[in-house]
Structure formats: structure tokens, C-alpha cells
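Trainee: I am new to this structure, and I would like to know what stands behind the labels people put on it. Could we go through it together?

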Amino acid sequence: MSTVLQPFISLGNWVWGVLATVMVWVFGQELAPAVLYAIKILLLIVCIVVPLMVAVAYLTLWERKLIGWMQIRIGPNRVTFFGIPWLGGLAQPIADGLKLLVKEIIVPAGANKFLFVLAPIMAIMPAMAAWAVVPFSPEMILADIDAGLLYLMAITSFGVYGIIIAGWASNSKYAFLGALRSAAQMVSYELAMGFALVCVLMAAQSLNLGEIVRMQQGGWGPLNWFWIPLFPIFLVYLISGVAETNRAPFDVAEGESEIVAGFHVEYSGMAFAIFFLAEYANMILISALTSIMFLGGWLSPLPAVFAGAAGLPWLAADSFGWLLVKMFVVVSLFLWFRATFPRYRYDQIMRLGWKVFLPLTIGYIVVLGAWMQTPLWIWWK
């Protein structure tokens, strides 16, 4: 792989050298390093956001195709590129995006226009900002900070404000009730997710996400990952992530069985689409965090002994590709749940969060703390 990428790496280094020379000529020897650093950060942000937006768009296609196969349907298969038949369906997300982009955004007469427009931005902003500390591999990370887990808990909590502001700014009783219902659900399951992250912190002895992955290294592959000692917490975090993103069977926030659609009932066009972009972006984020904290992140699931015996030693190499595979499996579970389970009543959702998940996570913190003081704890390296 490194041989294939070497020409591109060399070209990139040459372009960066030319850019550095130009910056020194334009800004001088003192300011050039700061300007180059700002350009580097902006390029890294673009390299994260653009693929993420493409992944969000095509996750909608994968959802429709996967559920179609489960229900013995075909799914989208008409919209294609340049009339090529075997690409049928692949252009569907682009067509949907263009359709929403050209639709008119209607702001209700009594709405607070500033907050009405700000709400979708506040809903998608945390899903984008959280990727700043997500390690894709040992070398691929935008900000390798020691308090990465704390940053994630703080930034992802902002998502609920976009929902509340959307319901209030619409000046509609139905939208406001939907916003309150959604906010209560999100806050309830954020508590369980927060205590689940405390268990991960205890097991890894670090708030750094890269260090959490490295603490799961070992010769036994998946047996060294945290999903084994933290299995109940793994399930709690995954299910809470489904509820946090308002996905089925916890999708009462949208109120599809009602006359209206919940907090975004007054939204149209691209403003309406951004709420769903935020939902799918959060699904991908939860999948990445689940993979990093419980499934070994970029670590290979195949021990070197087994991969070598199979004649495929490269499968034992840790890489960004393994993280993508794990994220794909976890995000597909979100879609599988939607096609399988019926929607819960609201009282059942709140009971699960407050009376089951919250006591379970708090109790497991005590159990984990006691377990870690015994010789039976073998996950420290």
C-alpha cells in the first residue's frame, strides 16, 4: 500500500514545499509558520468533512437498499450516472440533495427568523466538531488531545439545543411539544452514555482516544478489546446511541404516528434536510466511537499467527481500513434495528433510560472498580 501511495506522498510534499516558499515570500519569516499551520488545519478539516458528507449521503442509500433486501424489495435502482444502467440507484442521494437544495425554505410568519435558521446549524455542528478528536489511525487525527473523551462528552451535549430552539422558534405548539419530548429523551440517554464512558475511562486509564485504542492491543485480537470486560456497558452505549440519534425504535421525537412530525414540522427545503443530515452524521459518529472504545478502533481483529497461516499476513496489519469495517458493521446495526423492532411507547423509552440503563451503568462502575483491583483483571498492558 505504501508503494502505491508513494508518488502521491512525494507530490504532496513537493506542493507543500512550494506553498511554504510562497508563504515566506508573502508574509515573511515570522508570520509564515503560523499561516502554514492554519492552512494545514483547514486542509485537514476539509479532508474530514467532505468524506463525512459523502458518507452521510450514501448512508441514506445503504439504508434504503438494506431494508429493501430485508423486506424482499429492490430499493432505489433508477437514478444513475450518465445513463449507465449498472449504476442505477447510485445517483439517488445526489438527486435527493439537489431536490431539497432548490426547494423554498418557508419561515412561518410568527417565527423568530434568526433562531429558526440557527437551529439546524446547531443540530449538525456538534456532529461535525466531534470528529476533531477522533483517531482514524495512530497518525491520522486532527487534534490528539489528552482530554479527548471529555471534549466529546461536552461537544455532543450541544445537539439538544438545536432541537429545543427549532421547536421554540417555529412558534407552533405542536413543534414545541415535539421539541420537549425529543429533548427529554436525548438528555435521559446522555446520562447513561456518560456513565458508560466513565467505565471506558476506568478500563483504559486515559481520556485520550488514541490511548484507549492502544490499551486494547494484544496478541489475541478481539479478546483484548474492551467489549469483553465492558460487555453490558457496550450494549448500553450502543442502544443509548440509537436513542440519542432518535432512530427507530426510539424515534418518537419525529411523531410519525401523529398528524405532525414533531420539532421540525415547520421546516422545509434544505433547512429540513439539515436535521436529517445531523441524524445520519450522529449515527456515523456513534459508530466510530463504539468501534474505538469497545472494538479496538484501527486494530486488526486477526492475530498475526492466523493471518500468516492463511497466507494473508497483511490482514494482521493495523490500519484505518479496519476502523471503517467496524464502523460499517455498527452503523448497519442501526438500520437493522429500524427494520426489525416496533416503535416503543414514550413511557417505555423513559423507563428504559432512567430505571434500567442509569442504575446499570452506575452499578457497573462499582463492579468494575472492584474487578480492577483483583488479579482477574488482565486488560492492562
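The talk below takes up confidence, rings, cysteines, backbone and open spaces.

Mentor: Happy to! This is a predicted model, in which local features need pLDDT of at least 70 and side-chain atom pairs count only at pLDDT 80 or more, while totals for chains, interfaces and linings use all residues. Residues are numbered from 1 along each chain as its sequence is written, and side-chain values use heavy atoms, with hydrogens and water left out.

Trainee: How do you know which helix has the lowest mean pLDDT and which the highest?

Mentor: pLDDT is the predictor's confidence in each residue, from 0 to 100. Among the elements, helix α10 (residues 304-309) has the lowest mean, 66, and helix α8 (residues 231-244) the highest, 94. For the chain the mean is 87, with 92% of residues at 70 or more. Where pLDDT is low, the predicted coordinates should not be read in detail.

Trainee: Why is the pair of W131 and F136 called stacked?

Mentor: Rings of Phe, Tyr and Trp (its six-membered ring) pair if their centres lie within 6.5 Å; planes under 30 degrees apart count as stacked, over 60 as edge-to-face and the rest as tilted. W131 and F136 are 5.9 Å apart centre to centre, with 5° between the planes, so the pair counts as stacked. The structure holds 18 aromatic pairs, and ring pairs also link W227, F231, F234, Y237 and F294 into a cluster.

Trainee: What makes K326 sit over the ring of W225?

Mentor: The rule asks for NZ of Lys or CZ of Arg within 6 Å of the ring centre and within 35 degrees of the ring normal. The charged end of K326 is 4.0 Å from the centre of the W225 ring and sits over that ring.

Trainee: Why is C47 called exposed, and is C199 buried or exposed?

Mentor: Buried means under 20% relative accessible area, exposed over 50%, partly exposed in between (1.4 Å probe, protein chains only). C47 has 55%, so it counts as exposed. C199 has 0%, so it is buried. As for disulfides, defined as pairs of cysteine sulfur atoms within 2.5 Å, the count is zero.

Trainee: What makes the backbone at F82 and N171 worth a look?

Mentor: Most residues other than glycine have a negative phi, and most peptide bonds are trans. F82 has a positive phi of about 55° although it is not a glycine, and N171 likewise has a positive phi of about 55°. F82 is exposed, because its relative accessible area is 83%; N171 is exposed too, because its value is 54%. There is also a cis peptide bond between A248 and P249, with omega about 5°.

Trainee: Which residues lie nearest the centre of the largest pocket?

Mentor: On a 1 Å grid over the protein atoms alone, a pocket is an open set of points with protein on both sides within 12 Å along at least five of seven lines; lining residues have an atom within 4 Å of a point. Its volume is the space filled by probe spheres set on the points, which are joined across faces, edges and corners. The largest pocket has a volume of about 1,300 Å³. Its lining has 37 residues, of which C47, P51, F136, M140 and F320 lie nearest its centre. α1 gives the most to that lining, with 20 residues.

Terms used:
Helices (H or I, at least four residues) and strands (E, at least two) are DSSP runs, numbered from the N terminus. On a 1 Å grid over the protein atoms alone, a cavity is a set of points where a 1.4 Å probe fits but cannot get out, and a pocket is an open set with protein on both sides within 12 Å along at least five of seven lines; lining residues have an atom within 4 Å of a point.
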